Amino acid sequence: MDAAPAPGGHERRLHPWSWLFVLLQQLRQFLVPLAVLVFVGGRAEDGYLLWSLVGVAALVAAAVWQYFTYRYRVDEDRLVVRDGLLERNVRQVPFARIHNVTLHQTLLHRAFGVAEVRLESAGGTKPEAEMRVLPMVEAMALERLIRSRGAASAAPGADAGAHGVDIADAGEGRVVLTLPFGELVRLGLASNRGMVVVAGAFALAWQALPDRIMTGLVREYAGQAVGYAGNLVHGAAARVMALAALVVLALALLRLLSVLLALTQYHGFRLLLEGRRVTVERGLLTRLRTSVSRRRIQAWTLHEGLVHRLLGRRSVQVDTVGGSGEDSEQRSLRELAPIATPAACDALVRDVLPGAAWPPVGWRRLHPRAWQRLALPGALLAAIVAAAACWHFGPVGLVALAWLPWSMFAARRHAGHAGYALDERLLAVRGGWWSRYWRFAEIDKIQALRLEQGPLDRAFGMATLWLDTAGAKPTSTPLRLRFIAVAEARALHRRLAADLAGMPLRW
C-alpha cells in the first residue's frame, strides 16, 4: 500500500483502515436517531438498547463490506472505479474530465497518514469518485497524475508513506501567497464568521428546543443584562450608556470568535501554481488541499468591505465548475486570497491569468443620469414612509424625508465608482461604495447574454446587460453592466454576441 499508483497497474484497494472512516461518517449521519433510540426509546428491558447495538453492527458490516468490494485502477488516461458485489458498478473517469481535486485530512486522518480524495467534474451533483481513504502517498501521486493528464510522476521518497505525513509536507509548485499570523488576525477582524456561527447556533437551538423554553431563556438573559447595567449606574442616560457598552463588548467577543475561526480554518494557508493547476492548502485541525485547472476558473471577484479598506486589504474569490454536493461549498476552491493587499491581489490575477491586463486602464462610466435611477427607490420609500408617518403622527412625520439627502448622496457615490472595462480578453465591472467589488471574466468563458430594459430604464434612456458564466453560486455578485446608455448597451451586445459566436466555449 505504500507504493504510488502507476498507469496500467493492477486494481488497488483503499487503505486497510478505510472502513473505520466510512463507519465514522455513517455514525455521524445516524447519530441523532441512535441517540434518541438509546436515551428516550424506553427501558433497557424493552430491547431498545439491543436494537441500537444491532444498528451499529449493521453500519460496521456495511463499512467493512465497502472496503472489500471497492477497487480502483489507474489507466493511462483515466481512473476506473469498481464497487459492489451483488450489484456491481464500474465508473470510468477520464483525467481530462476531472475539474476539481480535493484532499481532505482531519486530525484522525493525519494520525493514520491518510487522506480522503474527492474528484469532481463540471455540473455533477456528486463527486465522480470519492475515496475514503487512501494512504497519503497514493493520494498525492493520484493528484499528480491528474494534474499531468496521466503522465507518470516521480516516485515519492521511501519515507513518504509513513504515518504522520501531512498535506503541507507534500506540496510542489511555486508558492504565490501565504497568510502569516498577522494576516489571519486581519481576516478575522474583517469577516463576520463569529456572528454567522452564533446566529446558526441560535437558530438551531430555536428549532430543537420548544418555543416556550427559548422564549424564557431570551427573556431571562435579556433581563439579567438590563439588570446588570442598572446595578452599575443610576439614571436613564447612564443606563443607556451601560447597555451600549455591553453591546460593544458582545460585538468585540464576536470579532474575537471570528479571529479564532480564521486562525483555525486558514492556518498554514498556501496558494501554489503547479503547472496548469492552482492549488490551495489550509487548515489547522482539518487540512484541505484543493486543486483545480486554471482554465476551469470561470469568473473572478475582488471584494473590499469597509473593514478591509480600513486595514488596506482585499479578498479574491473565483467561480469554478464542479460538483454541487451538500459540502461542495466548503471543499471547492473558491478563495484564492481570503485577505491580501490590493497590490498582491492584482499580482495574483496576473500570475494565474498570464497576459491579462489587470487592473484595466480604461474604465467606462455609467449613464450620466445613473445616480438618479439609483436614488429613485430610496426617494420613493422615504416619501411613502413620510406620508404614513404624517397620517399617524401629524407634521412630525416629515422627519422621514431627512432620508432623501442621504439617499441622493449615496446614489452619487455608487454611480461615481461603478463602471465597466472591456478589452480583447477580459470583461470587468465594478461597483459599490462602502463595500466595493470588482467582478470580471474572460470573454470566452461567457455562456449567455441578456439585454434588459424595464419601464424606468426606458424612461431614463438606459439598459442593463447581463452576462452568465458557469460555476456561479446564487449568492455570487452578478456579472452585469448596469444603467448604461441604450445605444452603448446594444452595441456591446452585438459585439460580444459576434465574438462569442466565433470562438469555442472554454470551461
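Two strands count as paired here when DSSP finds at least two bridges between them. Keep that cut-off at hand for the exercises below, and remember that this is a predicted model.

**Exercise 1. Pairing of β14 and β15**

Task: Work out how β14 and β15 pair, and how many residues lie between them in their hairpin.

Solution:
- Start with the bridges: there are four between β14 and β15, in the antiparallel sense. The cut-off is at least two bridges.
- Next, pick a pair of facing residues: A421 stands opposite A428 of β15.
- Then follow the chain from one strand to the other: three residues separate β14 and β15, and the two strands form a hairpin.

**Exercise 2. Extending the sheet**

Task: Starting from β15, find which strands build the open sheet and which two are its edges.

Solution:
- Step on to β16: β15 and β16 pair in the antiparallel sense over seven bridges. Here G432 has R436 of β16 as its bridge partner, and a hairpin joins the two strands through three residues.
- Cross from β16 to β11 (residues 297-304): these strands are antiparallel too, with five bridges. W300 faces F440 of β16.
- Now write the whole order, β13-β12-β11-β16-β15-β14: an open sheet of six strands with antiparallel pairing.
- Look for strands that pair on one side only: these are the edge strands, β13 (335-340) and β14 (419-422).
- Finish with the twist, which averages 15 degrees from one strand to the next.

**Exercise 3. What covers the sheet**

Task: Which strands does helix α12 lie across, and which does helix α16 lie across?

Solution:
- Take α12 (residues 342-352): this helix lies across β11, β12 (314-320), β13 and β16, and runs at about 175 degrees to β11.
- Turn to α16 (residues 486-501): its strands are β14 and β15 (426-432), and its direction is at about 35 degrees to β14.
- Check burial in β15: six of its seven residues are buried, so the rest of the structure largely encloses this strand.

**Exercise 4. Length and bend of α13**

Task: Compare the expected span of helix α13 (residues 370-393) with the distance between its end C-alpha atoms, then locate its bend.

Solution:
- Compute the expectation: at 1.5 Å a residue, the 24 residues should span 34 Å. The multiplier is one less than the number of residues.
- Compare with the model: the end C-alpha atoms are 35 Å apart, which agrees.
- Find the bend: α13 bends by about 35 degrees at L376, and the proline P377 follows within four residues.
- List the buried positions: among them are A370, W371, R373 and G378. The buried residues of the helix pack against α14 (403-417), α15 (455-460), β18 (462-468) and β19 (479-485).
- Look just past the helix: G394 follows α13 and has a positive phi, near 95 degrees.

**Exercise 5. Backbone details**

Task: Where do the cis peptide bonds at V133 and P359 sit, and is F483 buried or exposed?

Solution:
- Begin with R132 and V133: a cis peptide bond joins them, with omega about -5 degrees. V133 belongs to strand β6 (residues 129-135).
- Go on to W358 and P359: the bond between them is cis, with omega near 0 degrees. P359 is placed in the loop between α12 and α13.
- Examine F483 in strand β19: its phi is positive, about 55 degrees, although this residue is not a glycine.
- Apply the burial cut-off, under 20% relative accessible area: F483 counts as buried because its relative accessibility is 4%.

**Exercise 6. The nonpolar cores**

Task: How many residues does the largest nonpolar core have, and which residues does L348 touch?

Solution:
- Recall the background: nonpolar side chains tend to be buried together in soluble globular proteins.
- Count the largest core: 33 residues, with L271, W300, L302, L336, L348, W358 and F440 having the most contacts inside it.
- Zoom in on L348: leaving aside residues up to four places away in sequence, L348 touches V176, L177, L271, W300, L336 and A337.
- Look apart from this core: another, of 26 residues, includes A418, L427, I443 and I484.
- Close with the whole chain: buried residues make up 41% of its 507 residues.

Key
Residues numbered from 1 in each chain as written. Predicted model: local features only at pLDDT ≥ 70, side-chain atom pairs only at ≥ 80, totals over all residues. Heavy atoms only, no water. Axes fitted to C-alpha atoms, helices over the stretch in contact; angles between N-to-C directions. Contact = heavy atoms within 4.5 Å. Buried < 20%, exposed > 50% of the residue type's maximum accessible area, 1.4 Å probe, protein only. Bend = angle between axes of the 7 residues up to and from the residue. Core = buried A, V, L, I, M, F, W, Y, C linked by side-chain atoms within 4.5 Å.
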